[in-house]
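Subject: A structure for you to look at

Hi,

Here is the structure I promised to pass on. Have a look around it first, and then read my notes below.

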Amino acid sequence: MLHIVNGDSVGNKLRQSRIEGEILIWREVYSFGPVFPDMNEAELQFRAQYLEQRLGIPAAEFVKGCSSQEEQLRGIQQHEDVVLWFEHDLFDQTMLAYLLHLLASQPLGDTRIHLLCIGQFPGIESFRGLGQLSVEQLETLEGTWRQIGKEELSLGSAIWAAYASPNVEDHIGIVHKDTSALPYAHTAFAHHLARFPSAFNGLGLVEQTVLELVNDGVTTPAELFRQTGDRLHALGMGDVEFGHWLRRMLRQPQPILALQGTEALPEPSLDAPLPSNQNKLGITALGRQVLAGEQDWVEAAGIDEWYGGLHVQGRIGWRWDSREERLRTSQ
């Protein structure tokens with residue numbers, strides 16, 4: 001048996017457990033940065049350079065890791081059973097969709113594919129993910145996975161194709177599909193769409209939440225990350241990605257946040273993903289206007305972000321209306 005898990009924390013605990021089988025830890029963050037339908041070598045290199053620039057992930061190390069784990073997946077027929085361990089959030093649902101896409105495109109032989117995907121756990125009021133669970137708690141999940149087949153593989157592949165598309169309408173189409181075979185997909189990808197510039201003020205869900213929290217008096221980067229994570233747990237966002245969004249909001253020439261206590265914002269780094277806790281954040285005059293809906297941040301500052309395969313760049317002519325779940329053409 002092979003267990004494919006979403007991170008080192010879960011993988012290391014599974015190795016300590018009585019659950020038998022090999023462990024493949026899948027290390028990626030498909031919920032951030034550019035992705036492509038088949039992720040060929042040139043596209044992977046492009047993604048690696050982007051992640052190095054925006055998150056501080058060393059590009060060569062990233063490419064080597066991705067190539068290694070995909071090579072292991074191509075040898076899947078040597079296993080009788082494969083179990084995918086995943087959660088409800090966007091981080092995991094994008095990873096699950098990509099893995100199902102890869103599995104759907106290769107011969108499986110007699111290998112059986114199983115899925116364990118949860119959004120809650122008994123006794124944990126605020127469930128964030130499998131990493132919260134102890135070794136003993138993980139052991140209680142043994143055998144609760146279900147065998148999946150063509151329906152789930154096909155749906156996962158279709159979701160990935162839409163998420164990796166450069167067409168915004170394809171992204172919207174995910175939440176209008178019947179995704180019941182993968183029950184957490186709808187909510188996760190609704191949150192993906194909510195990251196788009198909003199019809200109210202051009203802010204995505206992350207920036208809007210951060211600005212509201214700073215306005216309410218939360219001023220240190222670490223506490224902002226904690227409270228944003230509590231509100232937006234459906235994104236599954238880590239501190240490294242959160243650091244990117246803070247930097248974007250602080251970036252000149254039209255920042256909506258200001259950082260006190262340092263002369264310059266540190267470069268993206270895995271060792272120090274957030275500005276020092278000694279620094280405090282405040283809202284700029286433009287930030288207050290944006291928060292009130294009096295200014296549109298994209299109109300004021302432009303945008304250059306990737307959301308899956310969608311490159312949102314410049315002063316785009318559309319905004320996302322989360323309430324009505326549709327695009328609005330900006331004036």
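Strand β1 and strand β4 (residues 81-87) run parallel and are joined by three bridges. If you want a place to start looking, L2 has V82 as its bridge partner in β4. Please keep in mind as you read that this is a predicted model.

β1 has a second partner too: with strand β2 (residues 22-25) it forms a parallel pair over four bridges. Here I4 stands opposite L24 of β2. To get from β1 to β2, the chain passes through helix α1 (residues 8-16), and this β-α-β crossover is right-handed.

Now turn to the two faces of β1. In a regular strand, side chains alternate between the two faces of the sheet. In β1 (residues 2-5), L2 and I4 are on one side, while H3 and V5 are on the other. Are these four residues buried or exposed? They are all buried, which leaves both faces of the strand covered.

Next, the nonpolar cores. The largest has 92 residues, and W26, L84 and L257 are the ones with the most contacts inside it. Helix α4 gives this core its largest share, 10 residues. Apart from it there is another core of 17 residues, including V5, F127, L130 and L138.

W26 is worth a click. Setting aside neighbours within four places in sequence, its contacts include I4, V5, N6 and G7. Also among them are L73, M95, Y98, L99 and L102.

What does the side chain of T111 have around it? T111 is in the loop between α4 (90-104) and β5 (112-118). With a relative accessible area of 8%, T111 counts as buried, because buried means under 20%. A polar atom of its side chain lies 2.8 Å from the backbone oxygen of H79, and the backbone oxygen of I76 is 3.4 Å from a polar atom of that side chain. Leaving out residues up to four places away in sequence, T111 touches I76, Q77, H79, E80 and V82. You have met V82 already, as the partner of L2.

Last, find strand β9 (residues 303-308) and strand β10 (residues 310-314), which pair in the antiparallel sense over five bridges. How many residues does the hairpin use to join β9 to β10? Just one residue links them. Close by in your viewer you can pick out Y307, whose bridge partner in β10 is L310.

Enjoy exploring, and write back with any questions!

Best wishes

Terms used
Residues numbered from 1 in each chain as written. Predicted model: local features only at pLDDT ≥ 70, side-chain atom pairs only at ≥ 80, totals over all residues. Heavy atoms only, no water. Buried < 20%, exposed > 50% of the residue type's maximum accessible area, 1.4 Å probe, protein only. Polar contact = N/O pair within 3.5 Å; in protein donor to acceptor, adjacent residues only side chain to side chain. Contact = heavy atoms within 4.5 Å. Pairing = 2+ DSSP bridges. Right-handed = clockwise from strand over helix to strand, strands pointing away. Core = buried A, V, L, I, M, F, W, Y, C linked by side-chain atoms within 4.5 Å.
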